[in-house]
Amino acid sequence: MSDRTSPLSGILMALAAFGFFSMHDVAVKLLGGGYATFQIVFFSVLLSFPLVIFMLLRDPQPGTLIPRHPWWTALRTASAVTTGTCAFYSFSVLPLAQVYAILFASPLVITLLAIPILGEKVGVHRGAAIVVGLIGVLIVLRPGNVTPGLGHAAALTAAVSSAMASVIVRKIGREERAAVLLLYPMVGNFVLMGALLPFVYRPIPLPDLGLWALMAGLAFLAGLALIQAYRRADAVLVAPMQYSQIIWAALYGWLFFDETIDAGTAAGAAVVIVSGLYIVFREGRGRSRNSPVLRTRSRPETGTTPRISPMLAEKDRKVPQDLSDQSAPQ
């Protein structure tokens with residue numbers, strides 16, 4: 001049964017969850033200095049499969065792994081694989097704060113994509129928030145002052161593809177079996193990255209393998225913490241906590257990579273965050289029929305770690321099964 005009696009504890013759980021996710025991203029960046037993105041993604045998926053098997057064994061829903069909506073499932077799988085590859089690459093080559101500032105635009109894109117895919121009505125207020133948020137992304141990129149590189153393009157692609165995956169799950173999530181939505185992106189990553197692995201493989205010493213295992217463990221802990229957050233507090237209180245990652249980015253970037261947040265990144269991130277918060281609170285006031293942003297259970301789906309929604313549905317039977325994403329990178 002859902003427990004909404006302790007919203008403060010739910011908020012604290014959400015903050016802890018996104019702190020774990022940020023530590024996960026530090027590990028991605030550390031590994032990115034010595035390994036190709038394809039190899040990082042492949043072994044991230046490989047080490048997450050035991051957690052997936054555990055979740056599938058607990059799935060009480062009858063049925064097969066054949067999707068009811070094959071084309072939407074294929075598009076969502078491709079979107080999740082794209083998100084994982086692009087997000088991991090951008091973390092490897094850009095400062096943490098810049099990546100987060102760009103990925104924070106994903107809720108804005110979700111709102112935009114919900115118009116044609118979900119039939120969502122976006123009024124003047126949320127439309128203006130989208131425009132302002134995208135201006136914030138431009139402030140982060142600062143064309144003319146900074147030459148955007150492949151890492152910036154990858155982060156933008158991750159924001160768009162993760163939004164696409166989120167909206168698709170809002171469309172088909174109540175009809176597709178949880179196991180299908182859980183497994184297909186991970187299998188897609190495993191097969192594609194496995195095919196590319198021979199061309200980029202580098203032998204892995206034991207300490208680096210431990211770092212991969214730490215990534216899988218952190219993502220799992222973050223998922224458990226988010227489950228507790230959504231059980232204890234309303235989505236309108238939990239969802240904004242994802243923006244706390246910019247604080248972790250500043251701290252971890254300084255501690256591990258000698259990074260600092262420049263004025264442009266700080267200003268752009270602030271604009272994007274304010275725009276995202278505005279959309280969250282508009283949806284929380286019932287201004288959205290589908291609430292595509294508020295229904296986000298996690299960071300952008302990368303197809304490398306288990307998503308929390310099947311576990312959330314298992315623990316909270318009063319909440320309708322909702323398997324939308326957002327994020328991250330996880």
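**Figure 1. Trp248 and Tyr252 form a ring pair in helix 11.** Trp248 is partly exposed, with a relative accessible area of 28%. This value, like the others here, comes from a predicted model. Tyr252 is buried, at 10% relative accessibility. The two residues are 4 apart in helix 11, which is about one turn of the helix. Their ring centres lie 5.4 Å apart. The ring planes meet at 20°, so this pair is stacked. Planes under 30 degrees apart count as stacked.

**Figure 2. Leu251, Trp254, Leu255 and Phe256 make a nonpolar patch on the surface.** Together these four residues have about 440 Å² of accessible area. Leu251 sits in helix 11. How exposed is Leu251? Its relative accessibility is 36%, so Leu251 counts as partly exposed.

**Figure 3. Asp258 lies in the loop between helix 11 and helix 12.** Helix 11 covers 245–257, and helix 12 covers 263–284. Asp258 has 69% relative accessibility, so this residue counts as exposed. The cut-off for exposed is over 50%. Look at the backbone too. Phi of Asp258 is near 55°, a positive value in a residue other than glycine. Most residues other than glycine have a negative phi.

**Figure 4. Lys29 is a buried lysine in helix 1.** Helix 1 spans residues 7–32. The relative accessible area of Lys29 is 10%. Buried means under 20%, so Lys29 qualifies. What does Lys29 touch, leaving aside its neighbours within four places in sequence? Its contacts are Phe91, Ser92, Val93, Leu94, Pro95, Leu96, Phe257 and Glu259. One polar atom of the Lys29 side chain lies 3.1 Å from the backbone oxygen of Phe91. Phe88 offers a view of the fold: Lys29 and Phe88 are 59 residues apart in sequence. In space, their C-alpha atoms are 7.7 Å apart.

**Figure 5. Phe43 and Trp212 belong to one aromatic cluster.** The cluster is formed by Tyr35, Phe42, Phe43, Phe49, Phe190 and Trp212. By the ring-centre rule, the count for the model comes to 12 aromatic pairs. In one of them, the rings of Phe43 and Trp212 have centres 5.6 Å apart. Their planes stand at 55°, so the pair is tilted. Where do the two partners lie? Phe43 is in helix 2 (residues 37–57), and Trp212 is in helix 9 (residues 206–232). The pair therefore ties together parts that are 169 residues apart in sequence. Are Phe43 and Trp212 buried or exposed? Both are buried.

**Figure 6. The protein chain has 13 helices and 0 strands.** This legend sets the close-ups in context. Along the sequence, the pattern reads α-α-α-α-α-α-α-α-α-α-α-α-α. The chain has 330 residues, and 55% of them are buried. Lys29 is one of the buried residues. The chain exposes about 13,500 Å². Carbon and sulfur atoms supply 70% of that area.

Notes:
Residues numbered from 1 in each chain as written. Predicted model: local features only at pLDDT ≥ 70, side-chain atom pairs only at ≥ 80, totals over all residues. Heavy atoms only, no water. Buried < 20%, exposed > 50% of the residue type's maximum accessible area, 1.4 Å probe, protein only. Contact = heavy atoms within 4.5 Å. Polar contact = N/O pair within 3.5 Å; in protein donor to acceptor, adjacent residues only side chain to side chain. Patch = residues over 30% accessible without salt bridge, like charges linked within 9 Å, V, L, I, M, F, W, Y side chains within 5 Å. Areas by Shrake-Rupley, 256 points an atom, 1.4 Å probe, with all protein chains shown as cover. Salt bridge = Lys/Arg side-chain N within 4 Å of Asp/Glu carboxyl O. Phe/Tyr/Trp six-rings, centres within 6.5 Å; stacked < 30°, edge-to-face > 60°.
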